[in-house]
Every structure is written in structure tokens, then in C-alpha cells.
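Hi,

Here is the structure I said I would pass on. Have a look at it first, and then read my notes underneath.

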Amino acid sequence: MLRRPALILIIAALPLGACSKAEPNPAEEIRVRSAGIKVITQAYQQESRMRPLLEKDGTHLAFFLVSEQSLLVGLHDEKSWLTRVVDDTGKSLLHEGDPDRRTRVEPGGLFPEPVVSQNSRIMALGTHFSAPLLLPARQANWIEAEGYFTLGLAEKFDETRHKITLKEGTSFRVDDLRFTIKERTTAEPGQREYVSLYITMLLEGPVEKFRRMRFFNEEGGLLELYGGNRDVAHMNWAEKNQREDYYAFEKMPPETVIARVETCSEIKEARVPFKNRFSLGLKEARDPAPQPTAASSGSE
Amino acid sequence: MKAIAKCLIIPACVWLASVMPGASETGDFEVRPAGFEVRLAAPGGSDRVNAFVNSRGAGTVLGILVVSQDRLIAGIEPENSRITKVTDDTGKELLDTEENKPGKFWGFPHVSKDARALLLMSNTLLPPAPEARQIQVEGHILVGVAEKLTEETHEIPLEKGSSWSQDGLTYTIQKIEHERDQPKTVTRVSYRLEGPLEKRRQLLFLDQTGVPLDHGHNAEDVSHYLWKGSRDDDAEDFVSFRGTPPEPAIVQVQTWPSLQEREIPFLINYRLGLPEARPKTSGEE
């Protein structure tokens, strides 16, 4: 009499077992660290150049996002918010005028600094410099900030190599991404101090999958770009189908070059909740995992 | 027991007063904390990723505001102004003694238009200990001060060789250049100064109604941020403005008739909650 209910229990448990094999949440391995704080009082007599530290008055917070496994492709800034910021006296630092008392967060290292580390394991984020939080109370010792970041994560980047001619109309594909040289501009003799050749590259397809493009001569020598090679393509990650990138060659490159293109095959969206504390003294963050090597293939 | 209690209470009150965030007053001057930045380096020592734009690695930057009710501040004398000690309440010393000139202020101080306030920034200091709740800063600021400012207008032909004098300073136009920048032409007037250069403050061209022409950043440039600093060595300067000046041109010149040196020692405390930076109103203690 007891054997039938036991069988039913085993059958009922099967789907549960299948559920437990679901993929782990990639957001769980991402750590959010307090990276910096600025507290700025009001400028003297509202004079713009009398702003302490040349900043808008209020509280500015910065975070480091550190990933052990996933590669940080970018931040979806329209889905990333500070939802609660209070000091230890109970004062809320979010602006009352915010319709739902939330504050957008933005990449903390806009031009000229990239926001993602070269190994794509660390990202700097923060309150926008033009939209700081309110000042903490005079008696405050610490601030607690709560919210969530929405990130684009990848497992790996693949490198493909393409022998191309640097002329208008040259086109090649990497999976469902198409690259086309839209414009080639040679610098005028008087303008040759820094740049010899400008290339406007049109990207079509899921452009968020593109990470970076570097150019080499056929002997394998890296061709230097003005302002450095753009190692990190995605400061703001959001799905777009078309984009133009610019490459400024310091020295005139050969007509035929090898373009090494790094892309990822799939991006996962992950919501990373956080609750972080900021005080005058901040705790150091841990080191991330070592840099991965990109798998290489191509049509060289 | 009462005597012992008093002995304990009085030093405790003195200590509390010293660690409360706030100003240090020296005669006519009040020195206040005006803001701070504390930042950590990215994990793994990545120098590409930083907490804030325009700042690298770990460190502390402090904003210091000097306000005067009675005197006008011409500017700072940078070589003899120093932060001499910075410690947090865990005892950690934040002054980086390995720097070339430890405790030197950041090179771009600002003086307010009304010359009543001077805003300074420290160079990057070490970050405080993780447990720190306060930072105490000690130092001295050497400033040029005046009791009054001379502001006069001069009608001059806008041409090479035009010259005028004020407070012992002689201005002579060296060169006039015009640049088309729609919708208005930009005029750049280069001039040479002779006399005690530290007395200069500002030079603006006016329209026929006495209103300054659009000088862009020049209007903001109350030139003596660095009193006895690098600018004083340069007897050649220029001013640029948009629009057409009247004939003869009207130039408004601010100079210091008499300057004195004043050293302002200070001892101020920073906490997370800072006092509002505002000028004292008359009668306010």
C-alpha cells in the first residue's frame, strides 16, 4: 500500500530536479564596491568658478563593479537607478523633485577615460556630475545607497582577422555584423601634425556585440591611432542597429591592412542590486580574476 | 571628585570643539572646509578605470574657502602657502611626503568677483583609513590683501601704442587682431604692462552705455589668483571681446592701490556632513 504514493512523489519531484539545473544568475558574481565620494558645498555667491573642486554642490558617489567570471560589456543607463540614499541621521539625499525619488546612474568615466577596464572585469559608475545628490546632514557619519545596475554581460570575446583595403566601400562581416568603410579622409598638409588618415566605419547589425577593432600591417605591426587604440567600445550599452565609428591613423597606413575585430556572440542582460555604504574612509576592493584571452580565428 | 570631573570636562569640550566640522578664524579671515573628494583605486591596479573623471588612483582632495568681511583678497602667494599637517581621527597621516613639494596647494586658486573670498584646493593627499570619520588639516596661507580697489575708465584710441596709467601701472597696446567668429567679430588686444605688476586685477572694454562687451571667459578672469605667482612675471597680456567698441574705446581697469602681505594660519576639520559655505552676514558671530 505504501509503494504507490512513493512512486507519485518520485514522479512529482522530476520537474523540480530539472528546474534546479537552470543557469546560475550571472548577476550574483558581480560585486559592487564603493569607489569614491565627493561632498561639495554651495559655491560662494553662486559664482560658477567659486565651486569647490569645480563641481556642482551636493553629494557625488562612485562605484566599482567587479566581475569574477563574466565580461562587462556595458551599462544600460535607462535601467539603472539609485532607489534609496540616506545618511545615518535618516536624511534622504534623493531629490524630492524626482517623480519616484530615483536618480539615474551613469558611466563614471566618460571621455577621455574609458569606463571598463581592458580585461572587461571592472567598470566605474557613478551619479552624473551634473545631477548630484543632496548634502548629508551636518552630524552624518555615513551614507547608505541602494539601487540596481542593469548590465550587459558576455562570456567571451572572439577575435577575427580580416585583410582589407582602406578605401571607401570596403566591407566585411563578422557573423551578423557588417562593417563598411563609409568615408576616407586624408589630412591636409597643414593638418598633418597629429593625424594622417581618418576612416569612418559604418557598423550595421547588433552593434552592441562589437568590442573593438585594431589595425595591423601585414608584418603584424600595430598601427597607432590618435588618442590611443579604442580598446573599449561600449560605454553605454543599449541595443542599436547602426553606428559610425571613427579611426584616426597617426601615420599614413599601407593600403592593405589586417583588421582584428573583437566581438561577442551573445550578451546577457543582468540586473545587479546593491546596497553600499560610503563614509569619509572607504574600504579597498578586492582584485578581480586574471584577464581572459580572446579566442582567435579569421579570414586573414 | 568635582575638580576631577571639571578637569575631564573642560579638555573634552576643547577636544569636541576642535573636531567639530567648521571654520578656523584668524582676525579678519575665516577659513572653512568647502568640500572634499575621497576615492579609491580600481581593484587590480587598473589605471584606466577611475572613480571620478579627471582624477586618477586613490586619494583625497580638500576644498578650502577663505572669506573676509573687512579686507579684499588679491590672491595667494603659492610658494609660501602650505598645508603642513593632515591627519584623520585614526592617526593616519595623509600628507604625501614623497611629493616634490608636499602640502602645496593646487595651482589654480580662485578669487571671487567681490574679492571677499578665495577658494583653494589641496593637491591629492593619501586616502583616509577605512574607519576614519574626520580629517584635520593644518597650514598657512599667504595672501595679498587690500583695503580698497581702484576702478577707473579710460577713453583711448584703439590702436597700437595707445597708453594709459593707473596706480603706478602703465598699459600700452602692442597689437590688435580681429577674427571673424559669427555673429560677432572677436577682437584681441595685446598689451604691455610697466610698473608693479602685482597691482593689476582686471581689464574690460565697455560699450558706449558703460556695459562690458562680451569678454567670454575674460570677464571671469580676475587675474590675480596667483599673487606674486607666475603671472606677475609676465608683463605681456591680452584681452579679447566680441562686438564693436565705441570710438574712442572705453576701457575699465581695476588695480590695487596698495597691497599688504598677510599670513593666515588655519586648523579646520572635515566630516562627511560639511557646513554650508556662505559669507558671514554683518552681525553674525
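Below is what turned up, sorted by kind of contact.

A word on the ground rules: this is a predicted model, where local features need pLDDT of at least 70, side-chain atom pairs count only at pLDDT 80 or more, and totals for chains, interfaces and linings use all residues. Residues are numbered from 1 along each chain as its sequence is written, chains are lettered from A and ligands numbered from 1 in the order in which they are written, and side-chain values use heavy atoms, with hydrogens and water left out.

Salt bridges (a side-chain nitrogen of Lys or Arg within 4 Å of a carboxyl oxygen of Asp or Glu) come to 25 over all chains. One of them pairs Glu37(B) with Lys38(A), with 3.4 Å between the closest N and O atoms. That pair crosses between chains, going from strand S2 (residues 29–39) of chain B to strand S1 (residues 30–40) of chain A; strands here are DSSP runs (E, at least two residues), numbered from the N terminus. Glu37(B) also meets Arg39(B) in a salt bridge, at 2.6 Å from N to O. Glu37(B) and Lys38(A) are both buried, and Arg39(B) is buried too (buried is under 20% relative accessible area, exposed over 50%, partly exposed in between, with a 1.4 Å probe and protein chains only).

Within chain A, Glu144(A) and Arg277(A) form a salt bridge at 3.6 Å. The two sit 133 residues apart, Glu144(A) in strand S7 (residues 142–154) and Arg277(A) in strand S15 (residues 268–279). Glu144(A) is buried at 14%, while Arg277(A) is partly exposed at 45%.

S7 and S15 of chain A are also tied together by Phe149(A) and Phe274(A), 125 residues apart in sequence. Their rings are stacked, 4.4 Å centre to centre with 15° between the planes. (Rings of Phe, Tyr and Trp, the last by its six-membered ring, pair if their centres lie within 6.5 Å; planes under 30 degrees apart are stacked, over 60 edge-to-face, the rest tilted.) Both Phe149(A) and Phe274(A) are buried, and ring pairs link them with Phe63(A) and Phe278(A) into a cluster.

Finally, strand S12 (residues 210–216) of chain A: 7 of its 7 residues are buried, so the strand is largely enclosed by the rest of the structure. In S14(A), Ile258(A) is the bridge partner of Phe216(A). The charged end of Arg260(A) sits over the Phe216(A) ring, 3.7 Å from its centre (the cut-offs are CZ of Arg or NZ of Lys within 6 Å of the ring centre and within 35 degrees of the ring normal).

Cheers

Technical notes:
Helix = DSSP H or I, 4+ residues; strand = E, 2+ residues; numbered from the N terminus. Pairing = 2+ DSSP bridges.
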